[in-house]
Amino acid sequence: MEMPSGNASTRLIFSLGLHSAAIIAFQLALMQLLSIVQWHHFAYMIISVAMLGFGASGTLLALARERLLRHSEWLIPLLMTLSGLFIMVAFHITRMEIFRFDVYLLFVEQTQFPVLAANYLIYFIPFFTGALAIGLLFIKYARQIGTHYFSNLLGSGVGGVVVLLALGLLHPSHLPPLIGLLPVAAGLLSMPPQRRSLHLFAAGTALAVMVLLIGRPGHIPMSEYKDLARAMNLPDASVVHSKPAVHGFTQVVASPALRFAPALSLSFTGEVPVKKQVYVNGDFFGVIPTYQPGQTSHILDYTSQALPWAIGTPQRLLLLNAAEGAPVSHALTHNPAVLDAVIEHPGVIGLLQEEFAAVSGNLFLHEKVNLHAVQPRNFLAARATADYDLISMPQQEAFGGSVGINALEENYGMTLEAFQLMWSRLASDGMIAVSSWMDYPSRSSLKLLSTLVMTLESQGITSPEKHIAAVRSWGTITFVLKKSVITPQETAAIRQFCHEMFFDPVLLPDIRPEERQQYNSLEDTALFTYIDRIMASDKDFLDEYGFMIHPATDSKPYFGQFLKLSNFRQLSQVFGQEQIPFLELGYLIVVVTLVQSSILALLFIVLPLLKLRRGHRGKGGTLLYFAALGIGYMFVEIILIQRFVLYFGQPVFAISAVISTMLIASGCGSLWSEKLPARPRFPAGIALLVTLGLLAYTFFLTPFLKFSIASPVALKIFLGLLLIGIPSFFKGMLFPLGIRYLSDYDPGQIPWAWGINGSLSVISTSLAMLIAVEHGFQAVMGLGVLCYALAAASFASHRTFFRRAG
C-alpha cells in the first residue's frame, strides 16, 4: 500500500516516532519503579513482557491480517490512544492490594504465582496495543518500511534519553502518566480529520487521568522485605528527605532506633550513635556520618574494618565505593596526607555537600577529601602513579547474607582484573583491605579469599600466607592483602588488636589453629578447612565446592553469584528445596523469567506457523532469518552495554548511550536501506558484513577499550559512538530489507515475521544473562555472531529466495 501524500504522510511518520518514544520510555520507567518496589531483577521481566507484547501483536496480525488492515485507518490511532491510557494506569493498578506480590514469597507461597501472572498481563496490555499499532503500520506500508522503521527506532532512541533525564527531575511514580500522553498525542495526530472529534474525547479523558494520578502523593508501596520498608517499621521512623536521580530514587530516613553499629566489638563501652540512613531505590546505601574537626577516634575503630590501621599508619588512602562517607570520616580520624574517595552515586555526593552538609560536619567539603564520582575501575585505570599505602574496598554482603539478591549485578570493582589493577597502584609497602559479613553456608568470604590468592599468583607470588592477613569478629571478616611480606612486628600488632577487640585471627604467617576461636566460636568449623585449602591454591576445592567461589572476572563480573546450576539437586538435598530460593533468590528469579517467557514465546511462534502451514513458501527461511535478527540484536546490545559500563564508568549514562546510539544508528541504516533493492544478495551480504565486524569485536573490542579507558572524556564519547554506531547502522538495514522482500515474495508472512522477531527477543535478555553468568560475555558475543551468520545463510541458501529473485 502506498503512503498518503503531503501532510498526512508527515503526521503519520511523526506520530509513529512519538508513539515509539513512549513505548521505550515506559519500559525504562517501569524498570526503575519495579526496582524500587521489588529489586532490579525485574528489569528482565519488563523487557520480556515488552517483547512478548510485540510477539503477540505479530500473532494477531498473522491470524487476522486482512480484517485489521481494512479498519487500519481508524484502528491505528485508536490502538495508540489505548496504549497511552494503559501506560498511565498499569503501574497504579498493580499497586492495588489484590495485585501485589512479593518476590521473597514467590517460592514459598503458591498463591504468589497467579498474582505474578496477573502483573504480567497488566503490564502486557500497553505493550501489546502499542506494538499492534506499530505492526499495522509496518504491514500497511511494507514497501516504505525503511522510512517507518527509521521513525520507530529514532523515536525509541530519543525516548530512552528523555526518560533518563526525567528520572533526575520527577518522582518515579509520576512518569507513567506523563509518558502516556505521548501515544495519545500520536493517536490524535494520525487520526483522519473526519473521526478526530471522537478521539478528542479520548484525549480529554487521558488528560484527566494524568492530572488525577500526578495529583496523588508520590508514594510507592514496596516489598515488606526491602531495607527501607523494614526501617519504616521502627519507632517514629520518617522519610526526612527524598530526591529523584538517574542513579536511583534517594531517600533519607530518621528514627531514634536507627543506630550505626556494624558488627561492633564487644569491648566497645560507649553509646552507639543514632544516625540517619540513606536508601537508594529502597535499598540500604549507608548512614550519614558525623565528623568533628580534630576527631581522633571513630566507631569503626571497634570493627574488623580497622585492621589496616592496626598493621600500620597508611598516609595515602584510596577508598573505593565509599558509599555515603562513613569510611571517609573513619579515615580522616587517622589524619592521612592524601584521601581519594570514589563514590559512584553523584546524588549522594550532592546530598552531603548541600542538604546534609552541616549534619555531616561538612565532611565532603573537607580540604583533604578528594571526591570522584566515577566507577572504581575507571579511576584506577586513569591513575598513572603507584603510590597508595592503602586501598580500601566497601564491606560486602549484608548481615545474615543477602539471599543472592545481588547475584546478577555486574561489579567490575570486585573482579580479578580489578584487584590486579589495585595491586599495580600500591606503594611498595601498600595494602588492599576488604571486609565481608559472615554468611552461612560460606560463600562471600571464600570468594574474596580465592580472589586475593589468585591476585598474588598473577604476580608470581606462590606464598600467599606471607601476604594475606585476616581477622574475624562475631559478624564480619576483614582481609588485608599486603604488597610486601607481613613482618613479625605486624603479626604481633594484629594479635594485639584482636586481643583488645575480642576478635579472632584467621590468617597470619604463623597462625595457630587454636587461636582462630578464642572469642567467637563457630558451630561449623569447616570454614577454616576451606580457607586453608584456598590458601594452598587447591584448584580442585574451588571446582568441588557446592557454590561458585571462583573469582569474578571482567567476562563474568558477578561477584554476588554463587549458585552452580549443576549442583542444584545436591544443594536441595542438603538444605531442603524450600530453602534454596533464600540462598540464591536473584539467580532463580531470572531462571523463572526465562522459563515463563520461553513457553509464551514458543506459543506465539507455533500458533501462526500452524495457520500458515498451507499456501506459503519458505516459512523456514523466514523463521530462521527474523529469529536470528531478534536474538542477535539483543545479545549484541547486552554485551555492548556491559563493555561500555566499564569503559564510561557511569552505568546509567553508558546504558543510555548504548541503547540510544544503537537505536538511532539502526534507524539511519533502515532509512538508507530504501536505496537498496530488496534482492537476496543484499541482506545476505550485509548480514555477512555484520558477522565479520562482530567477530572482530569479539576478539579486539575489550582490549581496545581497556587500552583507551584513560583517554579524555570527549575522545571516549567519540570512540564509543563510532564503535556502537557503525555495526548498528548495518544491522538496521537487515529487518526492513527482509520485510520488503516478503512484501514482494509473500506478504502474508510479514506479520508472522514481525511476531517472530519480537517473540525471540522475549527470551534473549534473560537467556543472555544466564549464558553470561555460566560461560562469560565472550560466549554471548560468540552466539550473537552466530545469529547474524545464520541470518546471512538463510538468504544465501534459501532456494525459494533465489528462485523468486531470478
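Let's begin with the four-stranded sheet in this predicted model. It is an open sheet, ordered E1-E2-E3-E4, and its pairing is antiparallel. Which strands stand at the edges? They are strand E1, residues 238-243, and strand E4, residues 283-287. Each has a single partner strand, so one side of each is left without a neighbour in the sheet. On average, neighbouring strands here are turned by 30° against each other, if we ignore direction.

Let me zoom in on one pair. E1 and strand E2, residues 250-254, run antiparallel and are joined by five bridges. If you'd like a spot to click on, try histidine 241: its bridge partner in E2 is valine 252.

Now for the other sheet I'd like to show you. Eight strands form this open sheet, and the order is E7-E6-E5-E8-E9-E11-E10-E12, with mixed pairing. Its edge strands are E7, at 369-372, and E12, and each of them pairs on one side only. Here the average turn between neighbouring strands is 20°, again with direction ignored.

Inside that sheet, strand E5, residues 316-320, pairs with strand E8, residues 388-392, in the parallel sense, over three bridges. Leucine 317 has leucine 390 in E8 as its bridge partner.

What about helices on this sheet? Helix H14, residues 416-424, lies across E5, E8, strand E9 (426-437) and strand E11 (476-482), and runs at about 145° to E9. Helix H16, residues 488-501, packs on the sheet too, touching E9, E10, E11 and E12. The direction of H16 makes about 10° with that of E10.

Next, please find helix H17, residues 526-535. Which of its residues are buried? Ala526, Leu527, Phe528, Ile531, Ile534 and Met535 are. Their cover includes two strands we can place in the eight-stranded sheet, E10 (468-472) and E12 (504-507), along with helix H15 (444-458) and helix H18 (539-544). Just after H17, have a look at serine 537, which takes a positive phi of about 55°.

Last stop: helix H24, residues 681-708, where phenylalanine 700 lies. Is phenylalanine 700 buried or exposed? Its relative accessible area is 58%, so it counts as exposed, the cut-off being over 50%. Phe700 also belongs to a nonpolar patch on the surface, together with Leu688, Leu692, Leu695 and Phe699. Taken together, these residues have about 540 Å² of accessible area.

That's my tour, thanks for listening!

How values were computed. Residues are numbered from 1 along each chain as its sequence is written. This is a predicted model: local features need pLDDT of at least 70, side-chain atom pairs count only at pLDDT 80 or more; totals for chains, interfaces and linings use all residues. Side-chain values use heavy atoms; hydrogens and water are left out. Patches are made of residues with over 30% relative accessible area and no salt bridge: like charges are joined within 9 Å, nonpolar side chains (Val, Leu, Ile, Met, Phe, Trp, Tyr) within 5 Å. Accessible areas come from the Shrake-Rupley method with a 1.4 Å probe; for residues, only the protein chains shown count as cover. A salt bridge is a side-chain nitrogen of Lys or Arg within 4 Å of a carboxyl oxygen of Asp or Glu. Buried means under 20% relative accessible area, exposed over 50%, partly exposed in between (1.4 Å probe, protein chains only). Contact means heavy atoms within 4.5 Å. Two strands pair if DSSP finds at least two bridges between them. Axes are lines fitted to C-alpha atoms, for helices over the stretch in contact, and angles run from 0 to 180 degrees between N-to-C directions.
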